[in-house]
Amino acid sequence: HRHHAEVQLCCQERATSGLALQLGLPEGSPVFHSLLVHFDNGVALQCEDRYVNPRHAPHYLSVDFALTTPTQHLLAVAPTWEAQFTIQSGLPTAQEAVLLGIAPAEPCLVIVRRTVSRGEPVTLVRLVHPGSRYQVQGQFTP
């Protein structure tokens, strides 16, 4: 498998009230926003729409995401102590469908995850995977 990512967006924005609440910031505070598409052997497998609390990753916007992933960078600078997530099936947004090269009506696996380090929120991310290209696999042994 050969992974590569294409950065669609990497910028600073102002936190909306809902986002500020999720990241423990005052409304209107600066927040970092990145949007990447991850590929495996040239096939789009994931759209990653991420917001980051700048207090925990002040150099996030200068990271070269062709060399590392946002997750790898964030684990290095703000180790995850806690993660809250939801997993559901859903439809992509119009933008996600275009970025993933799928029909707007294609079911997707959608994961929304918020991570916390040392008691403070670090990131909120929406991960969208085309249902026709992705499966969850695991094993459990007691």
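Rings of Phe, Tyr and Trp count as a pair when their centres lie within 6.5 Å, and in this predicted model Phe32, Tyr60 and Phe65 form one aromatic cluster on that basis. The cluster belongs to a fold that includes an open sheet of 6 strands, with antiparallel pairing and the order 1-2-3-6-5-4. The briefing takes the aromatic cluster, then the sheet and its pairings, then the nonpolar cores, and ends with two buried residues, Arg50 and Leu124.

**Aromatic cluster**

- The whole structure yields 2 aromatic pairs, and the pair of phenylalanine 32 and tyrosine 60 has ring centres 6.4 Å apart with planes at 10°, so it is classed as stacked, the limit for that class being under 30 degrees.
- Because phenylalanine 32 lies in strand 2 and tyrosine 60 in the loop between strand 3 and helix 2 (70-77), the stacked pair ties together parts that are 28 residues apart in sequence.
- Tyrosine 60 also pairs with phenylalanine 65, with ring centres 5.1 Å apart and planes at 50°, so this pair is tilted.
- Phenylalanine 32 and tyrosine 60 are both buried, and phenylalanine 65, the partner of tyrosine 60 in the tilted pair, is buried as well.

**Sheet architecture**

- Strand 1 (3-14) and strand 4 (82-90) stand at the edges of the sheet, and each has a single partner strand, so one side of each is left without a neighbour in the sheet.
- From one strand to the next, the twist of the sheet averages 15°.
- Helix 2 lies across strand 2, strand 3, strand 5 and strand 6, and runs at about 35° to strand 3.

**Strand pairings**

- Strand 2 and strand 3 run antiparallel and are joined by 9 bridges, and within this pairing histidine 38 stands opposite glutamine 46 in strand 3.
- The hairpin of strand 2 and strand 3 has 2 residues between the strands, and asparagine 41 takes a positive phi near 50° there.
- On the other side of the sheet order 1-2-3-6-5-4, strand 3 pairs with strand 6 in the antiparallel sense over 6 bridges, and arginine 50 stands opposite valine 125 in strand 6.
- Strand 4 pairs with strand 5, again in the antiparallel sense, over 9 bridges, and the bridge partner of phenylalanine 85 in strand 5 is arginine 113.

**Nonpolar cores**

- The largest nonpolar core has 12 residues in all, among them Leu35, Val37, Phe39, Ala44, Cys47, Leu99, Ile102, Cys108 and Val128.
- At least two residues of this core come from each of strand 2 (30-40), strand 3 (43-52), helix 3 (94-100) and strand 5 (108-117).
- A second, separate core consists of 11 residues, including Ala5, Val52, Ala57 and Ala78.
- Phenylalanine 39, a member of the largest core, touches Arg2, His3, His4, Glu6, Ala44 and Leu45 when residues up to four places away in sequence are not counted.

**Arginine 50 in strand 3**

- Strand 3 is mostly covered, with 8 of its 10 residues buried, and arginine 50 is found in this strand.
- Arginine 50 has a relative accessibility of 2% and therefore counts as buried, for which the cut-off is under 20%.
- The side chain of arginine 50 is joined to that of glutamate 48 by a polar contact of 2.8 Å, and it makes a further polar contact with the side chain of threonine 123 (3.2 Å).
- Leaving aside neighbours within four places in sequence, the contacts of arginine 50 include Phe32 and Tyr60, which are both part of the aromatic cluster, and also Pro70, Thr71 and Leu74, which lie within the range of helix 2 (70-77).
- Among the other contacts of arginine 50 are His33, Ser34, Arg113, Thr123, Leu124 and Val125.

**Leucine 124 in strand 6**

- Leucine 124 lies in strand 6 (residues 120-130) and has a relative accessible area of 17%, so it is buried by the same cut-off of under 20%.
- Beyond residues up to four places away in sequence, leucine 124 touches Leu19, Gln22 and Leu23, together with Asp49, Arg50 and Tyr51, and also Val112, Arg113 and Arg114.
- Leucine 124 and glutamine 84 are 40 residues apart along the chain, and their C-alpha atoms are separated by 9.6 Å.

Definitions and conventions
Residues numbered from 1 in each chain as written. Predicted model: local features only at pLDDT ≥ 70, side-chain atom pairs only at ≥ 80, totals over all residues. Heavy atoms only, no water. Core = buried A, V, L, I, M, F, W, Y, C linked by side-chain atoms within 4.5 Å. Buried < 20%, exposed > 50% of the residue type's maximum accessible area, 1.4 Å probe, protein only. Helix = DSSP H or I, 4+ residues; strand = E, 2+ residues; numbered from the N terminus. Contact = heavy atoms within 4.5 Å. Phe/Tyr/Trp six-rings, centres within 6.5 Å; stacked < 30°, edge-to-face > 60°. Pairing = 2+ DSSP bridges. Axes fitted to C-alpha atoms, helices over the stretch in contact; angles between N-to-C directions. Polar contact = N/O pair within 3.5 Å; in protein donor to acceptor, adjacent residues only side chain to side chain.
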